[in-house]
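Got the model open in your viewer? Here's a short tour: select each stop as you get to it.

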Amino acid sequence: MVAQALDELIAALPDGMVVTDPAITEGYRQDRAVDPAAGKPLAVVRPRRTEEVQAVLRWASRHGVPVVPRGAGTGLSGGATALDDGIVLSTEKMRDITVDPVTRTAVCQPGLLNAEVKQAVAEHGLWYPPDPSSFEICSIGGNIATNAGGLCCVKYGVTTDYVLGLQVVLADGTAVRLGGPRLKDVAGLSLTKLFVGSEGTLGVVTEVTLRLLPAQHTSSVVVATFDSVRAAADAVLGVTSRIRPAMLEFMDAAAINAVEDHFRMGLDREAAAMVLGGSDERGRAGAEDAELMAAVFTEHGAKEVFSTDDPDESEAFVAARRFCIPAVEATGSLLLEDVGVPLPALAELITGIERIAADRDLTISVIAHAGDGNTHPLIVYDPADAAMTQRAELAFGEIMELAVALGGTITGEHGVGRLKRPWLAGQIGPDALALNQRIKAALDPAGILNPGAAF
């Protein structure tokens, strides 16, 4: 019945916009989380304009067809996992952007990659701060869906801090404009904030107004290695209690060695942990930040401390940190986590993950946006080994439970998606979960938008 109704959608949209060829739709079944439970979609739709998104959602509402919004497919929590007999609505071809250097804003469509937005605004001497490690391949729409962060968020905040306005298409096809290019605006409820981080469950973002900053100054970078992860975590606290660095990142031994295998840049393979700090202050202020971080690292027992303000050297270390996930992934398949805790609990979280790894006889590499307590434990396993897969899945849940027990969260920036949904109630509690579900029901009463994701 639904397959017959698909002809109606095909007729309503430009030729080629609705794709049913299995050779093509197969590539849209999973995001980077590679959810094994992914279904086979009825079709993939790739609109270019808001009106075309409206047509898709009106059709889906009439026929009760689930719609999974998708950006670049780089999500790590299964938020863009396709459903059987559903529609995957890909925003990849929505790529317009207009930059206004006077108001320091950009209006763009969601299909642009984060890196492309950065490049477009840089031509006007401006900067878009949110910078996930995947910034070269992740889309602005996906960043908004999960409220993405990145390396610089310790100082500059996350995606929601730079979203001034949105155009959103609701489940029934209604297009609404929320916010706009105004720095102060308290008219009505803060609905813009509601949609940022909603993982495609409340509506489909078709346009976003972004707040921009003046171009960032070149960073000074300080790198320190430690004999224990606790010493490194304590050093992070020592820095954040005194300054707000532009970057403060953590890599454990497994990550150090995986990155060194690829880059051969002379990283200390014997170190238990490495901390990478950065300052983008100008002149003497930047030098003072670097000196303070170096002193704090030394006070906390760093084996070696290296400082540089050379742009090429600085970028090499930043690139090494960004490459951690693919470097560790080269050693085996990953179950990737995204748990965060208040900074004072960071050392306890990392050492607790070490205990879980030992108990489950697994390699679990921990990398982190340490300055804000957001860690990415990488559970390495072999999917062909049933026993190891079961241990990995148990460890996955135990790490989230540990984070929640420490007053933390099951996701700092990757979203709940489908992979973490079973643990959401344990973090936010039944009353808050019920409130989430009431909001979902109010905006999507038929439940067609990304069912099964988040809540």
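Start by selecting residues 37–215: their end C-alpha atoms lie 43 Å apart, and the span is 22% helix and 24% strand. The UniProt annotation for this stretch, from an unreviewed entry, reads "domain: FAD-binding PCMH-type". Keep in mind as you click around that this is a predicted model.

**Stop 1: the cysteines**

Stay in this span and show the sulfurs. How many disulfides does the structure hold? Zero. Pick Cys-108 to see why: its sulfur is 12 Å from the closest cysteine sulfur, in Cys-138, which is too far for a bond, given that a disulfide needs the two sulfurs within 2.5 Å. Hop over to Cys-138 and the story is similar, because its closest cysteine sulfur, in Cys-152, is 12 Å away and also too far for a bond. As for surroundings, Cys-108 counts as buried at 2% relative accessibility, and Cys-138 counts as buried at 3%.

**Stop 2: a ring pair, Trp-127 and Tyr-156**

Now colour the aromatics. The model has six aromatic pairs. One of them is Trp-127 with Tyr-156, an edge-to-face pair with 4.8 Å centre to centre and 85 degrees between the planes. Trp-127 sits in strand S7 (residues 126–127) and Tyr-156 in helix H6 (residues 153–156), so the contact ties together parts that are 29 residues apart in sequence. Are these rings buried or exposed? Both Trp-127 and Tyr-156 are buried.

Next, select Phe-263 and Phe-323. This aromatic pair is edge-to-face too, at 5.3 Å centre to centre with 70 degrees between the planes. Phe-263 belongs to helix H9 (residues 253–263), while Phe-323 is in the loop between helix H11 (311–322) and helix H12 (324–329), so this pair links distant parts of the chain, 60 residues apart. Turn on the surface and you'll find Phe-263 partly exposed, at 35% relative accessibility. Phe-323 is also partly exposed, at 24%.

**Stop 3: the seven-stranded sheet**

Switch to cartoon view. The open sheet has seven strands in the order S15-S12-S14-S13-S17-S18-S16, paired antiparallel. Which strands are at the edges? Strand S15 (304–308) and strand S16 (333–336), each of which pairs on one side only. Look along the sheet and you can follow its twist, which averages 15 degrees from one strand to the next.

**Stop 4: strand S13, up close**

Select residues 247–252, which make up strand S13. On one side, S13 pairs with S14 in the antiparallel sense over six bridges. Met-247, for instance, stands opposite Gly-278 in S14. S13 also pairs antiparallel with strand S17 (residues 363–369), over two bridges. Here Met-251 has Ile-367 of S17 as its bridge partner, and Phe-250 stands opposite Ala-368.

Now add the side chains. In a regular strand, side chains alternate between the two faces of the sheet. In S13, Met-247, Glu-249 and Met-251 point one way, while Leu-248, Phe-250 and Asp-252 point the other way. Glu-249 and Asp-252 are worth a click, as both are among the buried residues here. Six of the six residues of S13 are buried, so the strand is largely enclosed by the rest of the structure.

**Stop 5: helices on the sheet**

What lies across S13? Select helix H8 (residues 229–240): it lies across S13 along with strand S12 (220–226) and strand S14 (273–279), and runs at about 175 degrees to S13. Then add helix H13 (residues 346–359), which packs on the sheet and touches S13, S17 and strand S18 (374–381). The direction of H13 makes about 165 degrees with that of S17.

**Stop 6: two backbone oddities**

Finish with a couple of phi angles. Asp-85 is not a glycine, yet has a positive phi of about 60 degrees. To find Asp-85, go to the loop between strand S3 (67–70) and strand S4 (87–90). Then jump to Ala-454, in the segment after helix H16 (430–443). Ala-454 also has a positive phi, about 70 degrees, although it is not a glycine. With a relative accessible area of 4%, Ala-454 is buried.

Definitions and conventions:
Residues are numbered from 1 along each chain as its sequence is written. This is a predicted model: local features need pLDDT of at least 70, side-chain atom pairs count only at pLDDT 80 or more; totals for chains, interfaces and linings use all residues. Side-chain values use heavy atoms; hydrogens and water are left out. Two strands pair if DSSP finds at least two bridges between them. Helices (H or I, at least four residues) and strands (E, at least two) are DSSP runs, numbered from the N terminus. Axes are lines fitted to C-alpha atoms, for helices over the stretch in contact, and angles run from 0 to 180 degrees between N-to-C directions. Contact means heavy atoms within 4.5 Å. UniProt positions are given in the numbering used here, feature names are shortened, and annotations may be inferred rather than shown by experiment. Buried means under 20% relative accessible area, exposed over 50%, partly exposed in between (1.4 Å probe, protein chains only). Rings of Phe, Tyr and Trp (its six-membered ring) pair if their centres lie within 6.5 Å; planes under 30 degrees apart count as stacked, over 60 as edge-to-face and the rest as tilted.
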